[in-house]
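The following report looks at the enclosed and open spaces of one protein model, and then at how some of its helical parts meet. It is meant to be read beside the sequence and the coordinates.

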Amino acid sequence: MTPLTPRDRGRRFRTLTAAGAGLLLVPLAAACGSGGSGGSGAIRIGVPAPLSGDSASAGQDILAAAKVAADEINKAGGVDGRKVQIVEADDQCSAQQGAQAAQKLLNSGVVAVAGGYCSGAAVPAIPIYGRRGVPFVMDASTNPSLTDGGKGKVFRTCGRDDNQGLVAAKFMTGPLGAKRIALLHDNTTYAKGLADAAANSARQAGGQVVYENALQPGQSDYGPVLTKIASTRPDVLYFTGYFAEAGLLMKQRRQLGLRFALMGGDATTDSTVLKTAGPAAGGYIATTAPLAKDLPAAAKFVSAYKAANNADPGPFSVYEYDAVKVVAKAIDDAGSTRGAAITEALHKIKDFPGITGPITFDAKGDRTDPLYITVQVQGGAFTAYKKLDESGATWVDAKTS
C-alpha cells in the first residue's frame, strides 16, 4: 500500500469549488488525485449508478451487489488488513449527472471505480476519472467506444455491444428464421450503438433491415410507433432500449394484435419489465450475458444477496460483484492505492476466478471471453434459452450446455 506522508496523516483539507456546488471540503488525498483512501483507513471504491429515475431498479441492484462483494472482502480480512468502503453516486443515466457523479466520487477520495449502467452516463465520466488517473471497471456499460477510447484506464466485466449485436443477428436470421428485421432504439449511446451493430451484422448474415429508427423514452403510448413498424412487414422487431419502454412495447404489441416477433437487448431483462407487460411478456426473447441464476458459481452470491436485500439479484448484479472483487484483487496485487499502480495490476490479471467466469482483460480493457446468450420469458421469469457453441456456428440449449 502507498504509505501516508506526514502531510496526509495531518488530515489537512483543501477547499475546492465544485461546479454548481459552492465550496466543498474534501480530504487532501482526493484533492491531490493521489489515490488516497480517505477517512478511517478504508479503501474507497466508487459505484456510479442510476439510483433514481426510470432505471433506478437496475442501479439499486448494482449498488446492492457491490455491497455484498465489499462485505465478503471485509469479512475475509479486507485488502492488506484495510476495509473496503463502497461510495455511491447517482448518475441518473444521464450525461450531465454522470459527470457530476464522477466528480462527487473523486471528491470523496475513491481510489478506483466499479459500476455504471447507462453508457451515456459513462461517456463524460471516463475523461474525468482519467485525468485523475483513477481506473474505472464497468459492469454494465457496453458501448464499444468506452474502452476503445479509454486510454487503457477503462475496463469491463460485461461484454460489448458489437459482440451482442452479432449474437442477436445470428439468432434472428438463424433459429428465429427472420428475413425482414426491424430495429428500434431510443437514441441513447447504448441503444443506438447496439441497434447499429445488430443492423450491420444482420445485413452480413443475409437479413434485410426494413426499419431502423428511434422512439421517445418516457412516453405512455407507443401504438403509433408499433403501427408504423408493422407497415414494413417485419418478421421480428429487435428493441435495443431500456426496460421501462420494453414492457410497454410488449403490452401494446399484444393489444394491437401485431404478429411479428419481439426481441430485446440486455437492458430489457430487469424484472420490472415483467410487471409492466404482464402476460404479454410470455415468450419474449432477449440477448444478454448469463443471468445470476444460470451461473453455478454464483450460487453463494445469490444466497447472500437475497439475505441482505430480500429480493433476487438483477441481471447485472453478478458483473458488479465481479467488478468490485477484481478491483480489490488489483489493489492487493499492486500493494498500493495509487491509480496508476491499480491500473497496471488490472492489466496483469489473468483468469481471475469471477463468478461470471475467468476474467482476463485485453489491451483495451475488454474482457477476453465475453459470452452472450438468449433468454426467454417462461412461466413469468427470464430463463436461459439458446446460446452459440464454442465454434460460434451452432445454437445449443443454454440451460444444459
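A pocket, as the word is used here, is an open set of points on a 1 Å grid over the protein atoms alone, with protein on both sides within 12 Å along at least five of seven lines, and its volume is the space filled by probe spheres set on the points. The model is predicted, and every value below is computed from it.

**Pockets and cavities**

With that definition in hand, the second largest pocket has a volume of about 380 Å³. Of the 22 residues that line this second largest pocket, those closest to its centre are Pro290, Leu295, Thr356, Leu371 and Lys387. Sorted by class, its lining holds twelve nonpolar, five polar and five charged residues. Domain 1 (43–159 + 296–359) and domain 2 (162–288 + 373–397) each contribute at least three residues to the lining of the second largest pocket.

The largest pocket has a volume of about 570 Å³, and among the 25 residues that line it, Ser271, Asp312, Pro313, Gly314 and Pro315 are the closest to its centre. At least two lining residues are supplied by each of α3 (56–75), α11 (272–277), α12 (299–309) and β16 (381–384). The lining of the largest pocket divides into eleven nonpolar, eight polar and six charged residues. Because domain 1 (43–159 + 296–359) and domain 2 (162–288 + 373–397) both give residues to this lining, the largest pocket lies between the two domains.

Turning from open to closed spaces, the model has two cavities of 30 Å³ or more. The table sets out the volume and the lining classes of each pocket and cavity.

| Space | Volume | Lining by class |
|---|---|---|
| Largest pocket | about 570 Å³ | eleven nonpolar, eight polar, six charged |
| Second largest pocket | about 380 Å³ | twelve nonpolar, five polar, five charged |
| Largest cavity | about 50 Å³ | eight nonpolar, three polar, one charged |
| Second largest cavity | about 40 Å³ | six nonpolar, no polar, one charged |

The lining of the largest cavity consists of Pro48, Asp91, Gly98, Gly116, Tyr117, Cys118, Ala121, Ala122, Ala125, Tyr129, Phe136 and Ser141. Helix α5 (residues 119–132) provides the largest share of that lining, with four residues.

The second largest cavity is lined by Tyr117, Ala140, Tyr190, Tyr242, Asp266, Ala267 and Phe316. Tyr117 is thus named in the lining of the largest cavity and also in that of the second largest cavity. Where does the second largest cavity lie with respect to domain 1 and domain 2? Both domain 1 (43–159 + 296–359) and domain 2 (162–288 + 373–397) give residues to the lining of the second largest cavity, so it lies between them.

**Helix packing and a local site**

Helix α13 (residues 317–334) packs with helix α14 (residues 339–348) at an angle of about 110°, and their axes are 8 Å apart. Angles of 65 to 115 degrees count as roughly perpendicular, and α13 and α14 are therefore roughly perpendicular to each other. On the α13 side the contact is made by Val326, Ala330, Ile331, Asp333 and Ala334, and on the α14 side by Ala341, Ile342, Ala345 and Leu346. Of the residues in this contact of α13 with α14, eight are nonpolar, none is polar and one is charged.

Elsewhere, Val225 belongs to helix α9 (residues 223–230). Setting aside neighbours within four places in sequence, Val225 is in contact with Leu184 and Tyr211. Val225 and Leu215 are ten residues apart in sequence, while their C-alpha to C-alpha separation in space is 7.2 Å.

Terms used. Residues numbered from 1 in each chain as written. Predicted model: local features only at pLDDT ≥ 70, side-chain atom pairs only at ≥ 80, totals over all residues. Heavy atoms only, no water. 1 Å grid on protein atoms, 1.4 Å probe; cavity = no way out; pocket = protein on both sides within 12 Å on 5 of 7 lines; lining within 4 Å. Nonpolar A, V, L, I, M, F, W, Y, C, P; charged D, E, K, R; others polar. Domains from an automatic or database assignment. Axes fitted to C-alpha atoms, helices over the stretch in contact; angles between N-to-C directions. Parallel < 35°, antiparallel > 145°, perpendicular 65-115°, else oblique. Contact = heavy atoms within 4.5 Å.
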